[in-house]
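Q: Got a minute to walk through this one with me? Let's start with the helices.

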Amino acid sequence: MPELLGTSPFAVLPPPRLLPRLLGVGVVLLSLTCMGVMVRHAEKAAGFVAEKGALTVERCEEHHGHRGTYDVCFGSFRADRGRVVRDGAGLRGGYVVGEKVRVYREGYGYHPVSWRYVWGGLAFFCAGLAGVAFGVMTTVVGYRARTVGESRAAWAVLRRTAAAPYVMWLFRAAGAGTAVCVLLLLVSP
């Protein structure tokens, strides 16, 4: 957008456009929704659910789907409360026969309880902060930056607004949080 290239304090900028502002609001709402889903996923992976227990792996099979080949292991599920025992419970992933895997039950599926999944969910949550920051920036500036030059010009316009420190801190928190969560994801068992 050539009209964004004149970002001196004395240059008169064209008025912001309505469609990019609405797009920015949409990006913020979508990012916040995804962040909520990821927090809930991380909470479940940490084991804060009612139906959790251990699945003892009895056999594993290789399945072929439209997205490729994946392993499914079957075994008996025993809830921590001791009341629920289900034979033939399936868990996606490669495990060793006889291994006891901490899982939670949701609907008809079983999912692992693991710190690796917690950090993965929180990494996507932090990445969602970058989406919120980008959406706020697009909403405030009124232009969607597509190139590096347009992005620099949009930042120059944003710096003139009261929202600039908040957007900058959202981007910083997103970067730092994602980096820490990915690091913890890599070192988690």
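Q: What do the buried residues of helix 3 pack against?
A: They pack against helix 2 and helix 4. Contact here means heavy atoms within 4.5 Å. Helices (H or I, at least four residues) and strands (E, at least two) are DSSP runs, numbered from the N terminus.

Q: What sort of model is this, and how are residues numbered?
A: It is a predicted model: local features need pLDDT of at least 70, side-chain atom pairs count only at pLDDT 80 or more, and totals for chains, interfaces and linings use all residues. Residues are numbered from 1 along each chain as its sequence is written, and side-chain values use heavy atoms, with hydrogens and water left out.

Q: Back to helix 3. Which of its residues are buried?
A: Helix 3 covers residues 148–158. Its buried residues are Glu 150, Ala 153, Ala 154, Trp 155, Ala 156, Val 157 and Leu 158. Buried means under 20% relative accessible area, exposed over 50%, partly exposed in between (1.4 Å probe, protein chains only).

Q: And helix 4, which residues make the nonpolar patch on the surface?
A: Val 182, Leu 183, Leu 186 and Val 187 form the patch, with about 400 Å² of accessible area together (Shrake-Rupley method, 1.4 Å probe; for residues, only the protein chains shown count as cover). Val 182 sits in helix 4, residues 164–187. Patch residues have over 30% relative accessible area and no salt bridge; like charges are joined within 9 Å, nonpolar side chains (Val, Leu, Ile, Met, Phe, Trp, Tyr) within 5 Å. A salt bridge is a side-chain nitrogen of Lys or Arg within 4 Å of a carboxyl oxygen of Asp or Glu.

Q: Why does Val 182 count as partly exposed?
A: Because its relative accessibility is 34%.

Q: New topic: strands. How does strand 1 pair with strand 2?
A: Antiparallel, over 12 bridges. Two strands pair if DSSP finds at least two bridges between them. A hairpin joins strand 1 to strand 2 through two residues. Gly 65 stands opposite Gly 68 in strand 2.

Q: What about strand 1 and strand 4?
A: Strand 1 (residues 52–65) and strand 4 (residues 100–106) are antiparallel too, over five bridges. Leu 55 has Val 101 of strand 4 as its bridge partner.

Q: Ser 76 in strand 2: buried or exposed?
A: Buried, because its relative accessibility is 18%.

Q: What does Ser 76 touch, leaving aside neighbours within four places in sequence?
A: Ser 76 is in contact with Ala 54, Leu 55, Thr 56, Glu 58, Arg 86 and Asp 87.
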